[in-house]
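This report is a guided reading of one protein chain, written for someone who is new to looking at structures. Please keep the sequence and the picture at hand while you read.

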Amino acid sequence: VAIASLGMLGTLVIALMIDAYGPVADNAGGIAEMVGLDAIVRERTDILDSAGNTTAAIGKGFAIGAAILTSLALFAAFITTAETLRGEPINMSLLEPVVYASLFVGAVLPFLFTAMT
């Protein structure tokens, strides 16, 4: 999992650069429309805009996938280190109410701190 997440993070720069193509193509279509160029120019920029929207969607999915794999690897490293320090295995089951509630609170904390700023 860690190697897969590092591989995705390593190529994430390229995916985000592709993601930046979308607004450029969208602006080109808007400029062509404001200047009053021929309809054929607007048709061509619409094709470029749709390609930009596709690359943006792919880039966002790629970034989310890399973040999920990285958080999974970090969680596995935390559990392994905690087991080493504790000297006994740690059982983490989502069916335990304490674990489930802790995951919920941990997921809500970024939104709480964001709302406070």
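What follows deals with the salt bridges, then with a residue in helix H1, and finally with a patch on the surface.

The model shown here is a predicted one, and every value below was computed from it.

**Salt bridges**

As a general background, side chains of opposite charge can pair when their charged atoms come close. In this structure there are three salt bridges, and the table sets them out with the distance between nitrogen and oxygen.

| Partners | N to O distance |
|---|---|
| Glu33 and Arg42 | 3.5 Å |
| Arg42 and Asp46 | 3.4 Å |
| Arg86 and Glu88 | 3.4 Å |

Which residues are joined into one network by salt bridges that share partners? They are Glu33, Arg42 and Asp46, and Arg42 takes part both in the salt bridge with Glu33 and in the one with Asp46. Two members of this network, Arg42 and Asp46, lie in helix H3, which covers residues 39-86, and they stand four residues apart, which is about one turn of the helix.

The members can also be described by how much of their area is accessible. Glu33 has a relative accessible area of 55% and is therefore classed as exposed, since the cut-off for that class is over 50%. Arg42, with a relative accessible area of 27%, is partly exposed, and Asp46, at 37% relative accessibility, also counts as partly exposed. In the salt bridge between Arg86 and Glu88, Arg86 counts as exposed at 53% relative accessibility, whereas Glu88 is partly exposed, with a relative accessible area of 42%.

**A buried residue in helix H1**

Ala15 belongs to helix H1, which is made of residues 2-19. Is Ala15 buried or exposed? Its relative accessible area is 12%, and because buried means under 20%, Ala15 is buried. If its neighbours within four places in sequence are left aside, Ala15 is in contact with Gly59 and Phe62. Gly106, by contrast, is 91 residues from Ala15 along the chain, and the C-alpha atoms of these two residues are separated by 29 Å.

**A nonpolar patch**

On the surface, a nonpolar patch is formed by Phe104, Val105, Val108, Leu109, Leu112, Phe113 and Met116, which together have about 700 Å² of accessible area. One of these residues, Leu109, lies in helix H4, which spans residues 97-116, and Leu109 is partly exposed, with a relative accessible area of 35%.

Notes: Residues numbered from 1 in each chain as written. Predicted model: local features only at pLDDT ≥ 70, side-chain atom pairs only at ≥ 80, totals over all residues. Heavy atoms only, no water. Patch = residues over 30% accessible without salt bridge, like charges linked within 9 Å, V, L, I, M, F, W, Y side chains within 5 Å. Areas by Shrake-Rupley, 256 points an atom, 1.4 Å probe, with all protein chains shown as cover. Salt bridge = Lys/Arg side-chain N within 4 Å of Asp/Glu carboxyl O. Buried < 20%, exposed > 50% of the residue type's maximum accessible area, 1.4 Å probe, protein only. Contact = heavy atoms within 4.5 Å.
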